Amino acid sequence: MKKFLLYLWQLPQNIVGLVVILFLRKKNIFKYRGKLVCYDTRLLGSISLGEYLAIGSVRQETLDHEYGHTKQSLYFGPLYLFIVGLWSLQEVWFDRDGDYYDDFPEKQADKYGGVIKDENNRRKCTYVPTAEELNSINKAKTNK
Ligand SMILES: [Zn+2]
């Protein structure tokens, strides 16, 4: 019941997510941290839409960052597409200061997903994937 209500709470992005996945290649679909991931090498970037991640890279850093956006989706609910979506789009288009991950909501997505910066300012993952998740990631890397 709780899961159903949370799905409804995120309905706009869940619908967009389903539509996006409909148009992607289905050969690399797997679960990562409870979310449905669709990896398609034709994608230039990655997007997090409620319960769905459409990704153009299977680097763990990307998966964890996009997972962080799913947390924002839970918090912002029906406002997610406006708050996070519009902000991200304007960052992609104008990239005002040159560092995409330094502004809200990208910084917050990193934090929620467990992506930190090391002493050399390089992004690093703190989440440890399960054996099944690692297997899916490796399979997707070879199954392009
Ligand atoms: Zn992001």
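Which residue takes a positive phi in the hairpin of S1 and S2? Here are a few points to help you find your way around this predicted model.

1. Let's start with that hairpin. The residue is Arg-33, with a phi near 50°, and the hairpin has 2 residues between its strands. Arg-33 is not a glycine, yet its phi is positive. Look for it in the loop that links strand S1 (29–32) with strand S2 (35–39). Arg-33 counts as partly exposed because it has 19 C-beta neighbours inside 10 Å, while 20 or more would make a residue buried.

2. Next, follow the strands on either side of that loop. S1 and S2 run antiparallel and are joined by 4 bridges. One of the pairs to look for is Lys-31 with its bridge partner Leu-36 in S2.

3. Leu-36 is also worth a second look, as its bridge partner in S4 is Tyr-52. S2 and strand S4 (residues 52–55) run parallel, with 4 bridges between them. Of the 5 residues of S2, 4 are buried, so this strand is largely enclosed by the rest of the structure.

4. Asn-121 is another non-glycine residue with a positive phi, here near 65°. You will find Asn-121 in the loop between strand S5 (115–117) and strand S6 (123–125). Asn-121 counts as exposed because it has 7 C-beta neighbours inside 10 Å.

5. Finally, a stop at a helix: Leu-89 sits in H4 (residues 80–94). Leu-89 has 11 C-beta neighbours inside 10 Å and so counts as exposed. Its C-alpha atom is separated by 29 Å from that of Glu-133, a residue 44 positions apart from Leu-89 along the chain.

Key:
Residues numbered from 1 in each chain as written. Predicted model: local features only at pLDDT ≥ 70, side-chain atom pairs only at ≥ 80, totals over all residues. Buried ≥ 20, exposed ≤ 12 C-beta atoms within 10 Å, placed from the backbone. Pairing = 2+ DSSP bridges.
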